[in-house]
Number of protein chains: 2
Amino acid sequence: MATRNDALTCEVVDLIATVVARYHEEYEEAAGKHSLTGAQAKVLALLAREPLPMRRIAQQLKCEPSNITGIIDRLESRGLVERHPDPDDRRVKLAAVTPEGRVTAARLRQSLDFAREPLGSLSAEERGTLRDLLRRMLGETG
Amino acid sequence: MATRNDALTCEVVDLIATVVARYHEEYEEAAGKHSLTGAQAKVLALLAREPLPMRRIAQQLKCEPSNITGIIDRLESRGLVERHPDPDDRRVKLAAVTPEGRVTAARLRQSLDFAREPLGSLSAEERGTLRDLLRRMLGETG
DNA sequence: TATTGTTATACTCTATAACTATA
DNA sequence: TATAGTTATAGAGTATAACAATA
């Protein structure tokens, strides 16, 4: 596929870069409100859905498994997460949120409302159009 | 403004999160191809436009000025950047790309073509629509 | 043998606070 | 006194390599 380099395309790329930058700033800020780093917030949100083996967390975060040890250590020392043995495979440790961790994850999700707010200025039809365009954009490379 | 929570809005938010994740992965990968970290690549791209005082770089990266010292140190030790005194204010040091740094910055920009490629599947009219929607989205909060 | 999680190590980025040299 | 850049320090994330327990 030919890569386009016209003014319109570059403008859209710049807008996407702005979206990315703003999303990150606000994500870090929301995490910080709960004294979490970005990585810790990601892991906590992940585990709030379902307990996961350490290895799987690393795959989701696209980092080395050795890094997960420290992140879970820090979440565990704050009582937000626990390690449980996997009855089916004694090599595996399942990380799971505690009740307190679940509450924190829910609050974090609330703080992330910022992500929905900018969309409030678009009509339902426009949001549908945006969804379709983003889907096609992402579908091409993924 | 009321924050929307319907299925369509959540879907768009998820798509944006996917865009953000993919953008970051590919940015880091492109930087890595040139043995640069993400932060180093950002600074190099910034300085390729114009020389900047250390303080200004920190403002652009939204981090503390003390961090810039190390980042510029590492770029300078690789011959990609140089520090020049500001003739107007002897407290200020201007960081500027070397000729080699300019070449690396240009190659980096080429590697970032990935960002344009997904847009190739959209027509000019669709890219225009996407631009307008993103503009309005960003305009609301910024 | 292969896999899971951990440890040890080194590097980078980050914030904070104290320092220096200029202004 | 205020500002620009640096240094020192500490914490967190990252990759790599080596290790113990288990499969």
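This note covers the strand pairing within chain B and the interface of chain A and chain B, in what is a predicted model.

1. In chain B, strand β3 (residues 93-97) is paired antiparallel with strand β1 (residues 52-53) through two bridges, and β3(B) also pairs in the antiparallel sense with strand β2 (residues 81-85), in this case over five bridges.

2. Individual positions can be used to check the register of both pairings in the model. On the β1 side, Pro53(B) lies opposite Leu94(B) of β3(B), while on the β2 side Glu82(B) has Ala96(B) of β3(B) as its bridge partner.

3. Turning to the interface, chain A and chain B each contribute 46 residues to the contact, and the area buried between the two chains is about 5100 Å², of which 72% falls on carbon and sulfur atoms.

4. The polar side of the interface should be considered as well, since the rule finds eight salt bridges across the interface of chain A and chain B. A salt bridge is formed by Glu11(A) and Arg135(B), whose closest N and O atoms are 2.2 Å apart, a value that a colleague may wish to look at in the structure. Counting residue pairs in polar contact, with both residues at pLDDT 80 or more, gives 10 between chain A and chain B.

5. On the side of chain A that touches chain B, the elements giving two or more residues are α1 (7-33) and α6 (124-141) of chain A. By class, that side of chain A is made up of 20 nonpolar, 11 polar and 15 charged residues.

Key
Residues numbered from 1 in each chain as written. Chains lettered and ligands numbered in written order. Predicted model: local features only at pLDDT ≥ 70, side-chain atom pairs only at ≥ 80, totals over all residues. Heavy atoms only, no water. Pairing = 2+ DSSP bridges. Helix = DSSP H or I, 4+ residues; strand = E, 2+ residues; numbered from the N terminus. Contact = heavy atoms within 4.5 Å. Buried area = accessible area lost by both parts, 1.4 Å probe. Salt bridge = Lys/Arg side-chain N within 4 Å of Asp/Glu carboxyl O. Polar contact = N/O pair within 3.5 Å; in protein donor to acceptor, adjacent residues only side chain to side chain. Nonpolar A, V, L, I, M, F, W, Y, C, P; charged D, E, K, R; others polar.
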